[in-house]
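Visitor: I am new to this structure. Please show it to me, and then I will ask how its terms are justified.

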Amino acid sequence: MRSLIAALATSTALLVGAPASATDLEVTHWWTSGGEAAAVKVLADSFTAAGGTWKDSAIAGSGDTARPIIISRITGGNPMGATQLNTGRDAEDLIKAGLMTDLTELAEKEGWKDFIRPSKLLDACMYEGKVYCVPINIHSWQWMWTNPNVFKEAGVEPPKSWTEFVAAAPKLKEKGFIPLATGDGWQVEGIRNVLTVALGGSDLFLKIARDKDAEAAKGPEMRKVWEGMEAARSFADPGFVGRQWNEATGLVLTGKAGAQIMGDWAQGEFGLAGKVAGTDYDCLPGLGEKEILDTGGDAFYFPKNSDPAVTEAQLKLASLLVSKEVQVAFNLKKGSLPIRGDIDMAAANACMQKGIAILAKEGAVLPSNEQLLSSDTQGQIQDLAAEFFSAPEMTVDEALEKFSEIIASAK
Ligand code: GAL
């Protein structure tokens, strides 16, 4: 009898105590900087604690490198279990091809539309009324990060706006500092995107990215933006070619550069280095010109899988990603804002608090480029911005003409 009870006890313990031998879920993403890796660890540890098995497949480099690898694996019949991509149109062809797991039933059961805000985040995951991704954060490109001590050492006031930065930059250069730290490719396209809002305003941004207005794309307001790019080009150092975004953040963080225009994922690097927002570094949303943010960010997508155990693991992870606990812990590490409005972010630092306050303002939040422009159009604009930045002989007039042509055929 005892042996029967003992056997039952053991089997019960196996079922109840230790998590079932969970199916491996291979997860792809491009989060390989220090701050990003710390944020990924929060997700992996949470999934493991919930009985999952996270098989990490990080792809070094930026989204430019990772996106085509991820998409070709899915279209090529070698799908991962889950993948990070930007919230928006990057996966639209995969969804249209029926290659992605439908999350609608889970989303409705858990009431995602009741707590995910702004609602455009979940809208960006929808196709023909069904849900195909889980937005997990709000990143905004619309920030400039500065090191106040660099400006003080150069004998100028730390800037509170792009305009003040432009006035102070020559002094930094004279004193041997890099005024504006950046990398090439998508990073200089980010500068163009942010200057469009800061110098051209929300209406100009929407006329171009949403309405594809080719006239506005070469109008007087857009001229101010490319003139801003011309100034930015003069403030970058020659070493920007091939520099990773987090290396540029490192130049600001270590006092070699005065500022960087970068999405708020840069906060993850400052946080990892133990820097204090508002003291060791400052943050200018909307470049201090217009208090505007965009709702860029990341979402998790789940390629369809023939193994029901994998699909079960996918849904388990999807549910975890929107949970209050994971939302707080992950976003604090990632430097992003949470996708739900019903959690306490008291631990958020001074810069995140600026972001949360702007998010709450009516009309202060724009959709992101990824949500409005096709990947192809985004690529063409990025190539133009990179060409302009790398070829000082390229004029504002030429950039305007080429930009307008791209927008005229934009999808
Ligand atoms: C963005 C992504 C961020 C951040 C950044 C740099 O596309 O949304 O999470 O990782 O790339 O890698």
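Guide: By class, the shell around the ligand holds five nonpolar, two polar and three charged residues. This is a predicted model, where local features need pLDDT of at least 70, side-chain atom pairs count only at pLDDT 80 or more, and totals for chains, interfaces and linings use all residues. Residues are numbered from 1 along each chain as its sequence is written, and side-chain values use heavy atoms, with hydrogens and water left out.

Visitor: What makes residues of the shell count as charged?

Guide: Asp, Glu, Lys and Arg count as charged. The ligand is surrounded by ten residues, among them Glu 36, Asp 298 and Lys 334, so these count as charged.

Visitor: Why is the pair between the ligand and Glu 36 called a polar contact?

Guide: A polar contact is a pair of N or O atoms within 3.5 Å. An oxygen atom of the ligand is 2.5 Å from an N or O atom in the side chain of Glu 36, so the pair qualifies. For the side chain of Asp 298 the value is 2.6 Å, and for that of Lys 334 it is 2.7 Å.

Visitor: Which domains supply the shell?

Guide: At least three residues come from each of domain 1 (4-138 + 296-357) and domain 2 (143-294 + 367-408); such bounds come from an automatic or database domain assignment.

Visitor: How do you know that the domains are in contact?

Guide: Contact means heavy atoms within 4.5 Å. 27 residues of domain 1 are in contact with 29 residues of domain 2.

Key. Near = heavy atom within 4 Å. Polar contact = N/O pair within 3.5 Å; in protein donor to acceptor, adjacent residues only side chain to side chain.
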